[in-house]
Amino acid sequence: MPQTTHPSHQRPCGWNNWLTARQPRPILRGHSHADVVIVGAGYTGFAAATAWQKARPEDRIKILEADQVGEGSPGRNSGFMLEIALANDARPEELGRMEKLNALSRKTMALLRERVEGLKIDCQLEHSGTYRAARSAIGQRALSQYEAFLKAAGLSYQTLNSSQLAERIGTRYYAQGIYSPDCYLVQPAALIVGLANSLAASIELHEHSPATQIVPDGKKWRVTTPEGEVVAERVVLANNAFSRAFGADSSRLTAIYTYAAITEPLAEPERQRIAATTWGLLPAHRLGCTLRTTADGRLMIRSCYSYEREADNARIENQLRASLEVRYPELAPVRFDKVWGGTTGLTYNGAPLWGEIQPGLYVSAGCNGGGIVKGTFLGDALARHAMGQPVENIASLFGKASWMPPDPVRRLGFYLTSEVERRKAKHET
Ligand SMILES: Cc1cc2nc3c(=O)[nH]c(=O)nc-3n(C[C@H](O)[C@H](O)[C@H](O)COP(=O)(O)OP(=O)(O)OC[C@H]3O[C@@H](n4cnc5c(N)ncnc54)[C@H](O)[C@@H]3O)c2cc1C
């Protein structure tokens with residue numbers, strides 16, 4: 001079956017809804033040439049374009065974006081910008097490698113923060129730290145493993161019992177938690193729109209211009225969109241799991257959808273108790289749900305997964321409501337202002353798919369749910385690699401994306417594993 005070339009979503013992105021409407025950049029029309037075409041205006045694509053423009057300011061750089069910036073996948077996430085490894089990726093037994101990754105994440109986060117501050121991007125970036133919390137035995141085991149990693153890596157953290165957590169996040173649902181200061185929270189649509197608005201003038205961004213075909217044209221590549229085409233010496237695929245339609249290895253990369261919902265601003269007593277500060281909570285268990293507050297006193301939840309296709313948002317909305325009400329029964333019946341799905345690229349072992357696929361065709365995909373910071377670093381490194389500059393050894397830092405069986409075995413594996421894990425970790429979802 002041919003791979004889908006770009007995502008389309010059932011519902012608009014909640015975060016983008018609160019931004020002032022902007023004029024999208026022009027659609028790609030007619031025939032044109034470029035030195036490099038970057039497919040995807042996400043964190044990876046913008047980092048690649050910025051690195052390219054800095055090194056070769058004379059080059060003609062085009063970015064193609066399927067959707068409108070802010071409305072696509074990069075604006076749909078939960079806005080956690082981690083300076084250290086995700087709980088699921090953290091391995092105390094590989095401390096040397098993890099410490100290098102943490103140092104890279106910190107450096108990338110510092111550059112992103114400088115960019116946000118320097119360009120005065122109004123995206124509510126806040127150094128809020130993050131909680132991890134668990135209720136069930138399986139969740140608490142995952143939390144202990146994460147604590148072992150934090151301890152071994154010499155990172156600062158605080159353990160919290162149920163009451164201490166309740167004082168900070170307004171629920172006694174969790175049995176225990178950990179607070180780590182190494183995380184920022186952001187309004188993701190505001191961040192990606194701010195980055196788009198502040199691209200160097202010589203970078204041409206085309207919105208509503210999905211790449212639908214990429215084929216060799218002599219020693220170059222021809223990229224076709226519904227209304228135009230561009231021939232370039234190099235093409236960078238920064239469109240995550242949809243890069244598979246253009247030659248990225250589908251035996252190592254899959255598309256997963258996950259879902260988010262945001263309440264109306266909470267009424268004053270609840271707001272004081274739950275959302276007086278901006279805080280974020282990531283699950284200790286990989287199937288668990290994410291929670292956070294927003295600057296205007298709302299509560300957001302992210303949970304549920306589906307394989308390769310977006311699940312019915314109305315059904316998901318009920319599941320998200322149940323998960324939020326079990327944590328905050330006083331808010332029942334929860335009224336969500338916005339509910340939406342988003343897609344992300346997943347590899348089996350969490351390592352990215354990164355590098356040159358064919359002469360002049362490059363990919364960076366598979367950030368496994370943590371792509372704001374990681375994607376920024378990998379996009380920057382990929383551009384440097386494509387320009388022939390020396391780069392960090394990505395495989396030794398991140399590992400290599402491992403092989404997965406094809407469908408129907410992969411689909412079955414996804415559903416069986418997630419069902420078994422979901423049952424075991426039902427109090428975390
Ligand atoms: C609900 C949800 C919550 C998440 N929470 C977090 C979080 O808190 N922190 C975090 O770091 N990560 C989070 N993620 C993951 C994060 O969004 C991604 O890892 C990150 O956005 C990856 O960035 P990227 O630029 O590599 O790819 P993407 O963000 O997927 O961007 C790819 C871009 O390419 C475009 N595109 C696709 N196909 C084409 C095509 N054919 N032609 C042109 N354009 C195309 C897409 O429209 C998109 O704009 C979350 C994801 C979801 C869905």
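Here's a walk through this predicted model, from its two domains to the ligand.

Start with how the chain splits up. The protein chain divides into domain 1 (14–75 + 190–253 + 349–416) and domain 2 (132–184 + 255–347 + 418–424), so each is pieced together from three segments, as the assignment of bounds has it. If you put a point at the C-alpha centre of each domain, the two points sit 29 Å apart.

Now look at where the domains touch. Domain 1 puts 24 residues into the contact, and domain 2 puts in 16 residues. On the domain 1 side, α1 (14–17) and α11 (409–424) each bring at least two residues to the face that touches domain 2. The largest share of that face comes from α11, with four residues. Sort the domain 1 face by class and you get 11 nonpolar, 11 polar and two charged residues.

On to the ligand. Its shell holds 40 residues, and G40, G42, N77, G342 and G371 are the closest. Want to know which elements to click on? Those giving two or more residues to the shell are α2 (43–55), β12 (254–263), β16 (336–346) and α9 (371–386). By class, the ligand's shell has 15 nonpolar, 21 polar and four charged residues.

So where does the ligand sit relative to the two domains? Domain 1 and domain 2 both give residues to the shell, which means the ligand lies between them.

Methods:
Residues numbered from 1 in each chain as written. Predicted model: local features only at pLDDT ≥ 70, side-chain atom pairs only at ≥ 80, totals over all residues. Near = placed C-beta within 6 Å. Nonpolar A, V, L, I, M, F, W, Y, C, P; charged D, E, K, R; others polar. Contact = placed C-beta atoms within 7 Å.
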